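Student: I would like to know how the labels put on a protein model are justified. Could we go through some of them?

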Amino acid sequence: MAASNQSISNLFDGLLEQSRKLREQTDTAELPPIQLGLGEIERRARELRKTGTSAQKDTRAQLLLQAGGVNHDEALRKLEIIDAQPYYEPPAAPLDTDLDSYLCSRKEQNILSSIEEGMQRISRDFDAYVAKNVTMEWDKQKERIFEHFGLLPTTEGEPDRFRANAFGASSFSRTARPGAGGVQGIVYGSTSVWARSATHSILARPTPAPSGSIFADVDPSKQLTISRPVQIRQENYAGVVRQLNEARLAASPYPILYKFQDISISSGSDVLTLQLTDSWKMLKDITQEDPEANPFGSGPKERQFAKQHMNVKPDSPEATPLKKQIVSGSRRYLERLFYNHVEKQIDDNPMVAKLGGIPTLQHKLKAYFNVRASRQAWNDKHFDMNPDNVPVWAMVFFMVRAGFVQEAAAFVKDHHQFFQKVDRSFHQYITAYANNADRKVPRHLADRIQVEYTQLVRDAENVDMFRIALYKIIGRCDLTKRSLSEVMPTAEDWMWLQLILTRESDRAGDPAHEVFQLCDLQKSVLQFGAKHFSSKSSNVGLYFQMLLMSGLFEHAVQYLYSFQPVDAVHFAIALTFYGLLGVTSLNAQRADANLLQTGPHSDYQINFPRIIGQYIREFKTTNIEDSVDYLCLICLNGDLPPPDGPAQLSICHEALRELALESKEFIKLLGDVERNGNRTKGAIEKRMKLIKIHDSRDFLRTITEQAAAQADEDGRWHDAVFLYHLADDYNTVYELLNRSIGDWIASEDPMQFTESNKYQEVNADASISELENPVELGKYMAQMYMSAVAVYKQISVRNREALLVLLKIAEAKRHFLQQEYDKCLSQIENLDIIPMEPSVEVGAIRKAAQNFGNLHDTVAKNVGMLLKLAVECCAQLAKQLRESPFLDVTKMQKVQEYKAKVKCAMIYAGMVQYKLPTNVYEFIAHKDENM
């Protein structure tokens, strides 16, 4: 068993070795290894089977041919030898020597290609016009229209944002004061669409920014509704703006802040209105506008602060005087506000105040101290009292806080004995502080104050807190900590302390710890933000006033615009009037631009043109002159250096042109020209000085002519004609009339007579604005210009002749539409364009055809229609004669004359065939055949 297994193993080993040797012998490049699967082998087998069947069929065919005496192999060899290629070449095309046919063919191809190119160009122009002038956002347009007419549901549950603590209106306490009444009205900005292009127009309703507002940096969710008092205030604001422009035209001063303040005082008693009233008072203090103190116009002038505020680096020396004025003005306002608060607290709490005696300054402040002491936890505080039980340090502090610095120094002098015992150096400090206009003490005194202040702070529990406050104020001590919450707890007190510590000095010359300028205060206010001053987002006016007092006028306008756009716009106007508002020209017309932007000098700028443009959309159609008054204010910034100044002027002029085009109140806005050539000025021309236009010719070129060009570009030919007429460009008026009448004549095929193209009679007494028909307008303008020789001479002869010819063609068309064929044919023959006399020679027709190129373009394009009218008139008249009950020889001769006229028209049409529409010659030939 083992031996048999060994033999089988040896057999298999031998077979394996033989297979390896066989593979080595056959593994060459000519014999690739077999790599076919079973499926592929089966497919190839079927193919071999088919090939075998075909070969079998070929064998049978060979046998059949051999039986017939045909040698298959020999015939195949002979067929392979034969070269049949040369005998099957296509014959050469015959040479065409007919040059006329070739030229006619090429001419037809050129004409067809020209027509095709013209149609493509017209299609592209039409698509571009539609894309430019027609918005496809139908859903948004519909929503805006519904919103304008109040068809959208109003949002319920709107919080009353007027309930707040009024800055300057409350009692300097942290208790809130409820606002007066509710606020119901229409949300500002919900107006209908008014735009040709929202991308490049300040008057257009722009596409909302991602935030949903017309400005990317304005939150519309914070916007308050316009109540009835705000609407009244809005109307009164317009009257002040009108008076402002009248004063500017007369070069007389105008107290704009004082006027706006009066409107705010009389428009309501809610918290926000009271805050805005205080804001106007604050700006009066900053600008020193006081009509009572400056009755002869010695107050601030128009654009007085522009060079110090606009396009100036914040830390430049040019801005220093204005910074000092802002600080001093804001401080004076807060000091006066504090004294009014002192008197009000005494009046409200007479029993606690215990004023008594003569109400002098000292008595009032002592009474105010009593009121404060009764309300605040001062029981554990130490106060230095004199023998008369008067808190001397508190008295001095309240005097300084109320702005009575000289009185404070006098009070210390009067109580010299007391201060000698407590602080013998303070009299010297307060006297030096009061005698310096900049509230600055000499260096040696400042150093002494710093040392003493440090000692007082160390023993603060046993030192009168008002004494520490006075040392901090007089010596500007420890500027890293600029708050005294126990002495000055309110936001107004905090701001007054910041302003009293602010000093515009040389950063390089003063020690770093003594440097605190207005720009540092501005950074602090912006850092705190609105939430720090109004935690519940209800006290809108508080943060607004903080921004104004710190000189951040642009931020103040942007912040107020989020809540109350009506007042924000007029604050912007007042600030712009005095040059206190930086404005931007970059992207001013973009719909997605920010309201607040940063200028090239890191200064802040407001998009003033756009807020004016958006504001007047509310009344642009109802009160045109008020709209003009507001738009003229954009040119206040025309005094800026290039490119900003010219850009502002350009934006204003463009807005005025668009206002004229959209309102179509051309006579009110641009004036009128009487038949005798005298001009009457419109609202814009009366304000030429305000928009920096110096003479009437410049006005016509800048406003009227460009408005006319824009109207012409937009396809508003009627407006363009009237505007060019106002611009004294009478030749262009004729060009437009010729083009409009020519288009009107060619617009409808008179052969397709319907009720819609039936001639409509026009009232002879209609005014120029009512003449929508270009033919009637052309007659009116031609009569007007013919009566004025000086005007008529300014029109080219070619345009005058063309207009007369077009009016005659229009008259012929009118006769045809009224089926007065004989009058129509007579009118056409009198034009002397188409020779149609029966006896006319071919040479005369050829001469008329050669004169076709000399015709005015507007006349030439209507020659084809004239031919069709003439031929149709001849056909209709001949038909009437043939269908008459008595057909005599005279009538037959007349019929033959009409046929001859048609022949002349056909010959003429044949000579100018390629200059006419394609169907004209076919139409004439068809009529000639049927006659």
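The questions below take labels from this predicted model and set values against cut-offs.

Student: What is the chain made of?
Tutor: The chain has 931 residues, and 47% of them count as buried. Its secondary structure comes to 40 helices and 6 strands.

Student: How many aromatic pairs does a search of the whole structure find?
Tutor: The search finds 31 aromatic pairs. One of them is formed by W280 and F571.

Student: Why is the pair of W280 and F571 called stacked?
Tutor: Two rings pair if their centres lie within 6.5 Å, and planes under 30 degrees apart count as stacked. The centres of W280 and F571 are 3.7 Å apart and their planes differ by 5°. Both values meet the cut-offs, so the pair is stacked.

Student: Where in the chain do W280 and F571 lie?
Tutor: W280 is in helix α8 (residues 271-287) and F571 is in helix α23 (residues 565-577). They are 291 residues apart, and the pair links distant parts of the chain.

Student: How do you know whether W280 is buried or exposed?
Tutor: Buried means under 20% relative accessible area. W280 has 0% relative accessibility, so W280 counts as buried. F571 also has a relative accessible area of 0% and is therefore buried.

Student: What makes the pair of Y615 and F619 edge-to-face?
Tutor: The centres of Y615 and F619 are 5.7 Å apart, with 80° between the planes. Planes over 60 degrees apart count as edge-to-face, so the pair of Y615 and F619 takes that label.

Student: Why does F619 count as buried?
Tutor: F619 has 12% relative accessibility. The limit is under 20%, so F619 counts as buried. Y615, at 0%, counts as buried too.

Student: How do you know that the charged end of K813 sits over the ring of W744?
Tutor: The distance must be within 6 Å of the ring centre, and the charge within 35 degrees of the ring normal. The charged end of K813 is 4.8 Å from the centre of the W744 ring, so the distance condition is met. K868 lies over the face of F923, at 5.4 Å from the ring centre.

Student: Which residues of α10 and α19 make the contact?
Tutor: Helix α10 (residues 320-348) and helix α19 (residues 491-501) pack at an angle of about 145°, with their axes 10 Å apart. From α10 the contact includes V327 and L334, and from α19 it includes W496 and I500. By class, the contact has 6 nonpolar, 1 polar and 3 charged residues.

Note on methods. Residues are numbered from 1 along each chain as its sequence is written. This is a predicted model: local features need pLDDT of at least 70, side-chain atom pairs count only at pLDDT 80 or more; totals for chains, interfaces and linings use all residues. Side-chain values use heavy atoms; hydrogens and water are left out. Rings of Phe, Tyr and Trp (its six-membered ring) pair if their centres lie within 6.5 Å; planes under 30 degrees apart count as stacked, over 60 as edge-to-face and the rest as tilted. Helices (H or I, at least four residues) and strands (E, at least two) are DSSP runs, numbered from the N terminus. Buried means under 20% relative accessible area, exposed over 50%, partly exposed in between (1.4 Å probe, protein chains only). Axes are lines fitted to C-alpha atoms, for helices over the stretch in contact, and angles run from 0 to 180 degrees between N-to-C directions. Contact means heavy atoms within 4.5 Å. Ala, Val, Leu, Ile, Met, Phe, Trp, Tyr, Cys and Pro count as nonpolar, Asp, Glu, Lys and Arg as charged, and the others, Gly among them, as polar.
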